[in-house]
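This report goes through a set of local features of one protein model, starting with a charged side chain and moving on to cores, helix packing and backbone details. Please keep the structure open while reading.

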Amino acid sequence: MTTSFGAATTSATLKDPKLQIPSFHGLRSASASALARNALPLPSSTRSLSITRAVSTPVQSETTTVKRSKVEIFKEQSNFIRYPLNEDMLTDAPNISEAATQLIKFHGSYQQYNREERGSRSYSFMIRTKNPCGKVSNQLYLTMDDLADQFGIGTLRLTTRQTFQLHGVLKKDLKTVMGTIIRNMGSTLGACGDLNRNVLAPAAPLVRKDYLLAQETAENIAALLSPQSGFYYDIWVDGEKFLSSEPPEVVQARNDNSHGTNFPDSPEPIYGTQFLPRKFKIAVTVPTDNSVDILTNDIGVVVVTDEVGEPQGFNIYVGGGMGRTHRMETTFPRLAEPLGYVPKEDILYAVKAIVVTQRENGRRDDRKYSRMKYLISSWGIEKFKSVAEQYYGKKFEPFRVLPEWEFKSYLGWHEQGDGKLFYGLHVDNGRIGGKMKKTLREVIEKYNLNVRITPNQNIILTDVRAAWKRPITTTLAQAGLLQPRYVDPLNITAMACPAFPLCPLAITEAERGIPNILKRIRAVFDKVGLRYSQSVVVRITGCPNGCARPYMAELGLVGDGPNSYQIWLGGNTKQTSLARSFMDKVKLHDLEKVLEPLFYYWKQRRQSKESFGDFTNRIGFDKLKEHVEKWEGPVVAPSRHNLKLFADKETYEAMDELAKLQNKSAHQLAMEIIRNYVASNQNGKSE
């Protein structure tokens, strides 16, 4: 459906954008705060009356001067995220202004330049989509695949928040690319910026009541917190808005102002002119399924069912977040903690209340401390709950008991529960390019498949008929896209952010460096006698912002200088434990000096089935550091196997030359070729 959106408002306000927004001096007046404090809880049945108990609206003050970050001023003067981006897009310059660079994030894009090029900067833009639950239609996937070739760098990147990233788009092509995404069932609105980002949910298309509710809830939360003022469509499709109908419960929850959550008569009823203090991340899941890293989000929502599996309501966690700043102990990663339980019909109101609590009270003076985790750390969970309850209009019920979490990758073949299958495909670092990209497109196009992106940067092919299983498996294997049993276990759980050359925050390598680092870790495993089937969760980021969630890893490498990393230890395979900083300034070429003694000590001293992360926490960092400092090498037992791959020198040298082109050893390449051959033949003959 295509409708005109906000045309009258837009034409009136864009004539002089600088004069449209009054000065901002705080989101709430003293009288409004008092009203909110004294508001009586209303039953949910009264919400439809939209009784205004308190008004949350920008007010002017002649006496109070509140320090604000530069970005807050950009937002205030932007006429709801339009100016000066709308003017900058009309110029022939290859880049945009500082203010527009901040605003375009709300539209789902970052301005970048190649940091490895010397001389003048060559600017381009990264575009990030917004795909609640990681859902991608067949039409949108094929569109993104085309755009990557036509306007990007020829690759698609799957992100840790279940979205696409398209790199290398030139400014002159931005409107074409954005418009094409919008017209093909996609969106980039709110994928970046100070607002709710993409909402995560388990990507598995399981036809089960709890999974279906989790995915529906994620989509409804995404709709509830989507910007309403039309700025996105004004700039990229000339004011047209491409809509799918919203569930009535979403519209009702957004418009409800029973407890002073909204800006009355504002184009942005929830966000106002200033939006949120910083990014805001939400995930929804079901008990046991921690494929979404639930505790790393500002809000974590968990479906709660009764004994027969019928959904009853939701547990809510709050206050997670990964970002920090080196050498500033006042910044830190944080796990979300339990807030309470709400009946399933109240979840949108509860989420809105939490978002508004952060909107009203999160810091806007220093962006390092603007995430909700710092508000909760400062206030404590009980005060935060009390304030959120004022906006919710009732008390949160006690948090329901949950079973233990486990990480689920959903790789390989699985039944959906409706007679069809889905196939989870491992994608190293989420980067789809080359032969993989071509083959994936052929399969997705031929069988008219929809796909889903996982929070671990993998892809799931959905709604596959049983008769298609063998030809799809064979086609993918022949292109080197192996079934998970043929992928190194280290690679299965590893993640890295893009980092160099385009990320402006990167201090050192991550995505480009992780393949070789994983090979070196595997070599250390071999040296100290750890089995191939054993693994650790490895995550690498080029800076401390934590995009690949390294602070949840068993082994996290966080860039802290050129070719240098902070080493973090102590996360676990379930993604429920926060890692801690173990060593600073470990040079890339010295990694083995630290990892070899750690892994050897783990092999020798671990308890039955004890993971590496749990082992490091039990032993303690002091003992581990002592072991590293005294390390003189493992006691090497005689090998029981002598697998000789090369019978003659000529074959070895030929393989070695080929391997060097792929940054591999001759042995690694030979083993890879053998595994691919075995997989291809087995896939062609099985079932």
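E445 has a relative accessibility of 43%, so the residue counts as partly exposed. In this predicted model, E445 forms a salt bridge with R441, and the closest N and O atoms are 3.4 Å apart. Both residues belong to helix α14 (residues 434–446), where they are four residues apart and thus separated by about one helical turn. An α-helix has 3.6 residues a turn, so residues three or four places apart point the same way. R441 is buried, at a relative accessible area of 18%; the cut-off for buried is under 20%. The pair is part of a network of salt bridges that links D145, D146, D149, K437, R441 and E445.

**Other salt bridges**

How many salt bridges does a search of the whole structure find? The search gives 40. One of them joins K135 and E219, with 3.4 Å between the closest N and O atoms. K135 sits in strand β4 (residues 135–136) and E219 in helix α8 (residues 209–224), so this salt bridge ties together parts that are 84 residues apart in sequence. K135 is partly exposed, and E219 is partly exposed as well.

A further salt bridge is formed by the side chains of E360 and R359, at 2.9 Å from N to O. Is E360 buried or exposed? E360 is buried, with a relative accessible area of 13%. R359 is buried too, with a relative accessible area of 0%.

The table collects the accessibility of the residues in these pairs.

| Residue | Relative accessible area | Class |
|---|---|---|
| K135 | 30% | partly exposed |
| E219 | 33% | partly exposed |
| E360 | 13% | buried |
| R359 | 0% | buried |
| E445 | 43% | partly exposed |
| R441 | 18% | buried |

**Nonpolar cores**

The largest nonpolar core has 112 residues, and the members that touch the most other members are Y141, W236, I299, I316, L440, L461 and I472. Helix α11 (residues 347–361) supplies the largest share of this core, with nine residues. A second core, separate from that one, has 42 residues, including I517, I521, Y601 and F621.

What does I316 touch, leaving out residues up to four places away in sequence? Its contacts include I299, G300, E337, P338, L339, G340 and V342. I347, A350, I354, F396 and F399 are also among the residues that I316 touches.

**Helix α12 and its surroundings**

Helix α12 (residues 372–379) has M372, K373, Y374, L375 and I376 buried. The buried residues of α12 pack against three strands, β9 (299–305), β10 (311–318) and β11 (337–343), and against the helices α11 and α13 (381–392). G380 comes just after α12 and takes a positive phi of about 90°.

**Packing of α18 and α20**

Helix α18 (residues 591–605) packs with helix α20 (residues 621–629) at an angle of about 115°, and their axes are 9 Å apart. The crossing of α18 past α20 is right-handed. On the α18 side, K593, V594, P597, L598 and Y601 make the contact, and on the α20 side L624, H627 and V628. Which classes of residue make up the contact of α18 with α20? There are six nonpolar residues, one polar and one charged.

**Backbone details**

Two cis peptide bonds precede prolines. The peptide bond from Y83 to P84 is cis, with omega near 5°, and P84 is in the loop between α3 (70–76) and α4 (85–88). The peptide bond from F500 to P501 is also cis, with omega near 10°. P501 is placed in the loop between β17 (495–496) and α17 (514–528).

Positive phi values also occur in residues other than glycine. K585, in strand β21 (residues 580–587), has a phi near 55°. With a relative accessibility of 47%, K585 counts as partly exposed. K609 has a phi near 60° and is found in the loop between α18 and α19 (612–619). Its relative accessibility is 84%, so K609 counts as exposed.

Notes:
Residues numbered from 1 in each chain as written. Predicted model: local features only at pLDDT ≥ 70, side-chain atom pairs only at ≥ 80, totals over all residues. Heavy atoms only, no water. Core = buried A, V, L, I, M, F, W, Y, C linked by side-chain atoms within 4.5 Å. Buried < 20%, exposed > 50% of the residue type's maximum accessible area, 1.4 Å probe, protein only. Helix = DSSP H or I, 4+ residues; strand = E, 2+ residues; numbered from the N terminus. Contact = heavy atoms within 4.5 Å. Axes fitted to C-alpha atoms, helices over the stretch in contact; angles between N-to-C directions. Left-handed = near helix turned anticlockwise from the far one by under 90°. Nonpolar A, V, L, I, M, F, W, Y, C, P; charged D, E, K, R; others polar. Salt bridge = Lys/Arg side-chain N within 4 Å of Asp/Glu carboxyl O.
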